[in-house]
Structures are given as structure tokens and as C-alpha cells.
Amino acid sequence: MNVEAKLGLDVFQVDSEQPHIVIDHEICRTRCTVRYCLHVCPANLYTVGEDDRILVNHEGCLECGTCLIACVDEALTWHYPRAGYGVQYRFG
Ligand code: SF4
């Protein structure tokens with residue numbers, strides 16, 4: 001079973017009221033030159049929008065915390081999802 005198939009087993013309860021990852025776009029725009037977030041997320045959740053803003057699709061987050069560590073300019077507010085939300089791992 002490959003990684004994509006394993007990730008496909010996971011179930012996500014999306015908290016649409018309180019996203020657990022919030023990007024400070026002002027910090028991104030004025031300080032960040034490396035954009036590590038686009039390369040480190042194992043679920044490939046970071047993208048660049050049409051206006052060149054970094055976007056994150058928190059709905060598929062694996063809660064590994066890699067992006068928080070990689071964001072050296074501290075543009076992310078990151079916390080675990082509220083109880084009852086987030087990823088549920090299944091090992092098939
Ligand atoms: Fe991706 Fe991990 Fe950050 Fe979630 S915590 S967005 S899976 S790098």
C-alpha cells in the first residue's frame with residue numbers, strides 16, 4: 001500500500017468555525033522569501049493563490065506540525081483542532 005492509499009484511509013472532522021491553522025499574510029508578504037511551507041507538508045496542503053498569497057487547506061491536515069516548525073518567520077498560528085475535530089488515523 002503506497003502513501004496516498006494510506007492517507008486515503010484517514011477520516012477528517014472539519015472544524016469550519018475555528019480553523020486550526022491561520023496564516024498571517026502580512027508576515028508572508030513582507031518577511032518570507034523561502035516559502036518552505038510549500039515543500040514540507042506531507043499532505044501538500046499549501047498552495048499559492050492567484051494573488052500570490054499562500055493558502056492552506058486545513059481540512060486535510062495530518063497534525064504533524066511540520067509547517068509550524070518550517071515557518072521560520074512565524075507567520076502561522078497553529079494549534080490542535082478542538083475536541084471532536086481533526087484527523088482520525090486508520091491503519092486499514
Ligand atoms: Fe501539512 Fe503537517 Fe502542517 Fe498539517 S501540520 S498543514 S499536515 S505540514
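Here are some friendly notes on the predicted model shown above.

1. **The overall layout.** Let's start with the chain as a whole. It has four helices and six strands, and reading from the N terminus, the elements run α-β-β-α-α-β-β-α-β-β. Try tracing that order in the structure with your finger. The C-alpha atoms fill a box of roughly 45 × 30 × 25 Å along the principal axes.

2. **Inside and outside.** How much of the chain is buried? Of the 92 residues, 30% are buried. The accessible surface comes to about 6300 Å², and carbon and sulfur atoms account for 51% of that surface.

3. **Contacts across the sequence.** Take the contacts between residues at least 6 apart in sequence: 66% of them join residues at least 24 apart. The salt bridge in point 5 is a nice pair to keep in mind here.

4. **Charges.** The chain carries 7 positive and 13 negative charges, and the mean positions of the two groups are 2 Å apart. The structure holds four salt bridges, and the next three points look at some of them.

5. **D15 and R82.** The side chains of these residues meet in a salt bridge, with 2.7 Å from N to O. D15 sits in the loop between strand 1 (11-13) and strand 2 (21-23), while R82 sits in the loop between strand 5 and strand 6 (86-88), so the pair ties together parts that are 67 residues apart in sequence. Is D15 buried or exposed? D15 is buried, with a relative accessible area of 5%, whereas R82 is partly exposed at 31%.

6. **E26 and R29.** Here the salt bridge has an N to O distance of 2.8 Å. Both residues belong to helix 2 (residues 25-30), and because they are three residues apart there, about one helical turn separates them. E26 is partly exposed, with a relative accessible area of 44%, and R29 is exposed at 61%.

7. **R53 and D51.** In this salt bridge the closest N and O atoms are 3.8 Å apart. R53 counts as partly exposed, at 42% relative accessibility, while D51 is exposed, at 54%.

8. **A nonpolar patch on the surface.** Which residues make the nonpolar surface patch? V34, Y36, V40 and V72 do, and the patch covers about 320 Å². V72 is worth finding in the structure: look in the loop between helix 4 (66-70) and strand 5 (76-78). With a relative accessible area of 56%, V72 is exposed, because exposed means over 50%.

Notes: Residues are numbered from 1 along each chain as its sequence is written. This is a predicted model: local features need pLDDT of at least 70, side-chain atom pairs count only at pLDDT 80 or more; totals for chains, interfaces and linings use all residues. Side-chain values use heavy atoms; hydrogens and water are left out. Patches are made of residues with over 30% relative accessible area and no salt bridge: like charges are joined within 9 Å, nonpolar side chains (Val, Leu, Ile, Met, Phe, Trp, Tyr) within 5 Å. Accessible areas come from the Shrake-Rupley method with a 1.4 Å probe; for residues, only the protein chains shown count as cover. Helices (H or I, at least four residues) and strands (E, at least two) are DSSP runs, numbered from the N terminus. Buried means under 20% relative accessible area, exposed over 50%, partly exposed in between (1.4 Å probe, protein chains only). Contact means heavy atoms within 4.5 Å. Lys and Arg count as positive and Asp and Glu as negative; His and the chain ends are not counted. The place of a charge is taken as NZ of Lys, CZ of Arg, CG of Asp or CD of Glu.
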